Amino acid sequence: CSSVKALVWFEIFPVLISQDGINVCLIDIFPEHDIETPHGVLHVTMRGVPKGNRPVILTYHDIGLNHKSCFNTLFNYEDMQEITQHFAVVHVDAPGQQEGAPPFPSGYRYPTMDELAEMLPSVMTQVNSVIGIGVGAGAYILTRFALNNPTLVEGLVLINIDPCAEGWIDWAASKLSGWTSNLVDIVMAHHFSTDELTDNQELIQTYRLHIAQDINQDNLALFCGSYQYRRDLEIERPIVGLNEDTVNTLTCPALLVVGDTSPAVEAVVECNSRLNPTKTTLLKMADCGGLPQVVQPGKLAEAFKYFVQGMGYSNSIVSLYNYPSFGDTGLTMYLGERLTIISDDGDFMMVKSSITGRESYIPTNYTAKVTHGWLFTGISRYKAEELLMQPNNQTGAFLIRESTTNRDCYSMSVLRRTNPSYLDCVKHYRISHLPNRWVYISAGLTFPSLHELVEHYSGLSTPDGLCCRLTVPCFIQDSDITREARPVPTAIRRPTMNWKDISRKRTESDNSLVSEGLREAISSYLQMTEGNNHNWDT
């Protein structure tokens, strides 16, 4: 690696064809550079090139690790690779922590945590913005960077973040033991709980050897010392209408992640309490310890996918129609399947089916954008019902969409299956919001965001006013369900309806047989015959 003053991007194709014709993935072969910064040299590794105006994913590791030991398991996971094919990735190694790093000269002053954050703009000379993923010390550095440069950071995934300065008791204990006298044990206790150190012997042994043998111990002691003497981040939870424009806090969306047995649980919960609840999500992973990106990369990859989708970065959409819907030719896409956007011209787009693999040029309004797995944009009430009534959905399947009658509100559509033929019921609930943007279905129970609302109604043992408890988001067909294996849709036969027998009670029942197309006419009929207004759920 040679020192350079600016980051130079190269397109990398990490798949070669071996002599026997087998694809060989060159996982660790990516260009590495040493970047000059105001506080010394920073080692970076790059994957891919920036994609248009999309941000770059920037990672920063924890003490005792480097970018490979901290992030390779996550970024080599298949679901994560599917996401990162749409983003460039820059892995940052703290000074002296990369593989094969030489020792610093005698008397070298290691950068403070604040200075480590100030080094990052030098990495972004050709980048407009980043989505940061940091662990422990790296999470602290990225948060400090975002506080100093809010326009450069579009989102943060903070694993095991501790926003506080080290307490004097911990400081005294570290001084008594000495960073270098038992450095490996101190770092291991930082990463793993006492139970983990006892139970997960294979993982513990792997990382103990890595910390002791692969990281320069003198350099590691300097990095640990910098983290030990960090300042409090001094972030505060904003109060709507009072100080949200002046308080020191993150302005970008943040996903806080911690394992439920991690030694960092209390610190992460404390950080969550200090951040804006409308922009922050706390993910506490069950059956997971101090390295969730290593132990449960699948869950973290899924959470990251929803996170970037929530920021508006998604190449996946869902089909609202079978296409084409006429002729004898086979379908190129199916209702309710995931599509990948190849090109978007505004009113039309070229998409690829995840089921058939075929490409189609279709109207944009034949699709809906899906974020968080349950928020559907560009979908009508009728299409919500049609998607939820697909055979793969069971009672409790749900989605949230923009209300068709009130653009300032959302509607939640929930499936409750009560009969295998025609009495399936999709119930719709209006989600309103207060002036401070908190949301609610029932005025007596409000939530700071849609995430918290969904978590509440899916985490209870009782429906709490809904027709049933939320279970899973509306099913989206993907490539793992082949065309031949797709279940045949249930034929729904509506009984003949005599208009003279229509009553308001019948149209208002949970199992109403009235289709949406008749609602306006029925409302007019009831108004003429009963003289009362009838408001349909939206």
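At the N-terminal end of helix α1, N66 acts as a cap, with a side-chain oxygen that lies 3.0 Å from the backbone nitrogen of K68. The model described here is a predicted one, and every distance and area in this report was computed from it.

**Helix α1 and its lysine**

Helix α1 spans residues 67-75 and is mostly covered, since eight of its nine residues are buried. The buried residues of α1 are H67, K68, S69, C70, F71, N72, L74 and F75, a list in which charged, polar and hydrophobic names can be read side by side. For a reader who is new to helices, it helps to recall that an α-helix has 3.6 residues a turn, so residues three or four places apart point the same way.

K68, whose backbone nitrogen takes part in the cap, has its place in helix α1. Is K68 buried or exposed? With a relative accessible area of 18%, K68 counts as buried, because the cut-off for that word is under 20%. The side chain of K68 is also joined to the side chain of E99 by a polar contact of 3.5 Å.

**The surroundings of R230**

R230 lies in the loop between α9 (217-228) and β10 (254-259), and at 5% relative accessibility R230 counts as buried. What does the side chain of R230 reach at 2.8 Å? The partner is the backbone oxygen of Y227, while the backbone oxygen of C164 lies 2.9 Å from a polar atom of the R230 side chain. If residues up to four places away in sequence are left out, R230 touches M113, Y140, D162, C164, A165 and E166.

One of these neighbours, D162, forms a salt bridge with R230, and the closest N and O atoms of the pair are 3.1 Å apart. D162 lies in the loop between β9 (153-159) and α5 (168-177), whereas R230 lies in the loop between α9 and β10, so the pair ties together parts that are 68 residues apart in sequence. Both D162 and R230 are buried.

**Other salt bridges**

Side chains of opposite charge can pair when their charged atoms come close. How many salt bridges does the structure hold? The count is 10, and three of the pairs are set out below.

| Pair | N to O distance |
|---|---|
| R109 and E115 | 3.1 Å |
| D162 and R230 | 3.1 Å |
| R208 and D185 | 2.7 Å |

The side chains of R208 and D185 meet in a salt bridge of 2.7 Å, N to O. This pair links distant parts of the chain, with R208 in helix α8 (residues 201-213) and D185 in helix α6 (residues 183-191), 23 residues apart. R208 counts as partly exposed at 29% relative accessibility, and D185 is partly exposed as well, with a relative accessible area of 33%.

In the pair of R109 and E115, R109 is exposed, with a relative accessible area of 54%, whereas E115 counts as buried at 15% relative accessibility. Beyond these pairs, D114, R144 and R231 are linked in a network of salt bridges.

**Cysteines without a bond**

A disulfide is a covalent bond between the sulfur atoms of two cysteines. How many disulfides are counted in the model? The count comes to zero, under a rule that asks for two cysteine sulfur atoms within 2.5 Å. Why is C164, whose backbone oxygen lies 2.9 Å from the side chain of R230, left without such a partner? The closest cysteine sulfur, in C271, is 8.4 Å from the sulfur of C164, which is too far for a bond. C164 counts as partly exposed, at 22% relative accessibility.

For C467, the closest cysteine sulfur is that of C468, and because the two sulfurs are 3.9 Å apart, they too are too far for a bond. At 18% relative accessibility, C467 counts as buried.

**The chain as a whole**

The protein chain has 16 helices and 22 strands, and 48% of its 538 residues count as buried. Among the contacts in the chain with a separation of 6 or more, residues 24 or more positions apart account for 64%. The accessible surface of the protein chain comes to about 25,600 Å², and 51% of this surface belongs to carbon and sulfur atoms.

Note on methods. Residues are numbered from 1 along each chain as its sequence is written. This is a predicted model: local features need pLDDT of at least 70, side-chain atom pairs count only at pLDDT 80 or more; totals for chains, interfaces and linings use all residues. Side-chain values use heavy atoms; hydrogens and water are left out. Buried means under 20% relative accessible area, exposed over 50%, partly exposed in between (1.4 Å probe, protein chains only). Helices (H or I, at least four residues) and strands (E, at least two) are DSSP runs, numbered from the N terminus. A polar contact is a pair of N or O atoms within 3.5 Å; within protein, one must be able to donate a hydrogen and the other to accept it, and residues adjacent in sequence count only if both atoms are side-chain atoms. Contact means heavy atoms within 4.5 Å. Accessible areas come from the Shrake-Rupley method with a 1.4 Å probe; for residues, only the protein chains shown count as cover. A salt bridge is a side-chain nitrogen of Lys or Arg within 4 Å of a carboxyl oxygen of Asp or Glu.
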